[in-house]
Amino acid sequence: MTSTNLEGTFPLIARGKVRDIYQVDPSTLLFVATDRISAYDVIMANGIPAKGKILTKLSEFWFDFLPIANHLVPGDIFAKYPQLEPYRAQLAGRALLVRKLKLIPLEVIVRGYITGSGWKEYVRSGTVHGKKLPEGIQESLKLEPPIFTPSTKAEQGEHDENISKEQADEIVGKELCDRVEKIAVELYTRARDYAATKGIIIADTKFEFGLDEDDNIVLVDEVLTPDSSRFWNAAKYEVGKGQESYDKQFLRDWLTETGVAGKDGVAMPEDIVTKTKEKYVEAYESLTGEKWVD
């Protein structure tokens with residue numbers, strides 16, 4: 001399911017790369033995780049079956065696991081809003097009611113291993129998000145302690161930009177940024193240590209936070225999914241090279257090899273769809289200990 005349509009029951013206020021967001025009332029939103037998938041900032045023409053449900057269930061697992069207030073509104077959406085019953089096929093298993101909060105305008109990234117854009121910057125300048133790191137670090141090396149590497153939160157269709165802690169201070173204020181950094185590193189460390197017991201390395205992750213009416217920091221959006229994190233198989237981990245990820249790697253590789261990376265309207269072949277879904281399912285089952293059933 002790559003698109004939702006509630007036919008005016010609640011107004012659609014945003015359609016992101018994965019989620020459709022509806023306004024339920026002035027203080028409540030309905031987040032619906034579709035099966036859309038994007039790579040190189042472009043949404044594919046077809047989706048990954050059940051991907052939205054996997055992301056939703058995994059986020060719910062982490063929301064329950066992590067010791068911080070979150071934006072979920074408990075309860076059955078169809079019991080609370082009977083007018084949604086005709087759309088059960090679109091919403092069941094992939095929709096969450098959430099509190100509408102004041103968002104902190106940062107992509108809060110925590111890196112526990114040096115990889116991706118952080119590794120590229122380090123090779124180029126010896127820094128990660130402007131922070132100087134020791135010489136001689138190898139690709140995929142564990143960083144201890146983990147480091148806070150924020151980026152801007154771009155508008156739809158634009159690119160996030162890696163920034164330094166000092167630049168983040170200027171955007172949201174140093175006091176709030178310090179609080180966000182402390183909480184994010186603590187949450188990442190707790191999740192990283194848990195995942196290690198399940199044979200998964202969480203190399204890095206992106207959190208998003210909001211503020212409630214008392215200016216308490218609240219965890220929002222999705223949490224520690226293959227779309228917002230790099231998960232590696234601990235049994236295959238080897239310092240000094242890139243690692244195979246539990247995410248869109250099959251898709252990215254195929255797009256690159258076929259020369260269509262970054263182009264609109266690209267449809268994935270069935271084998272890429274199947275392999276990608278298998279990775280999402282494997283990550284879910286490993287982390288939660290539950291068997292995935294579509």
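These legends accompany several close-up views of a predicted model.

**View 1. The largest cavity and its lining.** Welcome to the enclosed spaces of this model. Searching the whole structure turns up two cavities of 30 Å³ or more, and the largest cavity holds about 70 Å³ of space. If you would like to select its lining, pick Arg-19, Phe-31, Val-32, Ala-33, Leu-55, Thr-56, Ser-59, His-71, Arg-94, Leu-96, Asp-221 and Glu-222. Strand 3 (28–33) and helix 1 (51–65) each contribute at least two residues to this lining. Sorted by class, five of the lining residues are nonpolar, three are polar and four are charged.

**View 2. The second largest cavity.** Here the volume is about 30 Å³. The residues around the second largest cavity are Asn-233, Lys-236, Glu-244, Ser-245, Tyr-246 and Lys-279. By class, this lining splits into one nonpolar, two polar and three charged residues.

**View 3. The second largest pocket.** Now for an open space: the second largest pocket contains about 220 Å³. Its lining is made up of 17 residues, and those lying nearest the centre of the pocket are Glu-60, Gly-75, Ile-77, Ala-95 and Leu-96. Helix 1, helix 2 (77–80) and strand 6 (95–99) each provide at least two of the lining residues. Ten residues of the pocket lining are nonpolar, three are polar and four are charged. Leu-96 may look familiar, since Leu-96 also belongs to the lining of the largest cavity. Helix 1 likewise supplies at least two residues to that cavity lining.

**View 4. Helix 1 beside helix 8.** This close-up turns to helix packing. The axes of helix 1 and helix 8 lie 10 Å apart, and the two helices pack at an angle of about 20°. Because that angle falls under 35 degrees, helix 1 and helix 8 count as roughly parallel to each other. The crossing of helix 1 past helix 8 is left-handed.

**View 5. Helix 1 across helix 6.** Helix 1 has another partner to show you, helix 6 (residues 174–196), and the axes of these two helices come within 11 Å and cross at roughly 115°. Helix 1 and helix 6 are therefore roughly perpendicular to each other. Helix 1 passes helix 6 in a right-handed crossing, whereas its crossing with helix 8 is left-handed.

**View 6. Glu-270 in helix 8.** Helix 8 spans residues 270–288, and Glu-270 lies within it. Is Glu-270 buried or exposed? The relative accessible area of Glu-270 is 59%, so this residue is exposed, the cut-off for that label being over 50%. For a sense of scale, the C-alpha atoms of Glu-270 and Val-110 are separated by 34 Å, with their positions 160 residues apart along the chain.

**View 7. Tyr-22 in strand 2.** Our last stop is Tyr-22, which has its place in strand 2 (residues 19–25). Its relative accessibility is 2%, so Tyr-22 counts as buried, a label that calls for a value under 20%. Which separation do the C-alpha atoms of Tyr-22 and Leu-12 have? They are 4.4 Å apart, although Tyr-22 and Leu-12 are ten residues apart along the chain.

Conventions: Residues numbered from 1 in each chain as written. Predicted model: local features only at pLDDT ≥ 70, side-chain atom pairs only at ≥ 80, totals over all residues. Heavy atoms only, no water. 1 Å grid on protein atoms, 1.4 Å probe; cavity = no way out; pocket = protein on both sides within 12 Å on 5 of 7 lines; lining within 4 Å. Points joined across faces, edges and corners; volume = space filled by probe spheres on them. Helix = DSSP H or I, 4+ residues; strand = E, 2+ residues; numbered from the N terminus. Nonpolar A, V, L, I, M, F, W, Y, C, P; charged D, E, K, R; others polar. Buried < 20%, exposed > 50% of the residue type's maximum accessible area, 1.4 Å probe, protein only. Axes fitted to C-alpha atoms, helices over the stretch in contact; angles between N-to-C directions. Parallel < 35°, antiparallel > 145°, perpendicular 65-115°, else oblique. Left-handed = near helix turned anticlockwise from the far one by under 90°.
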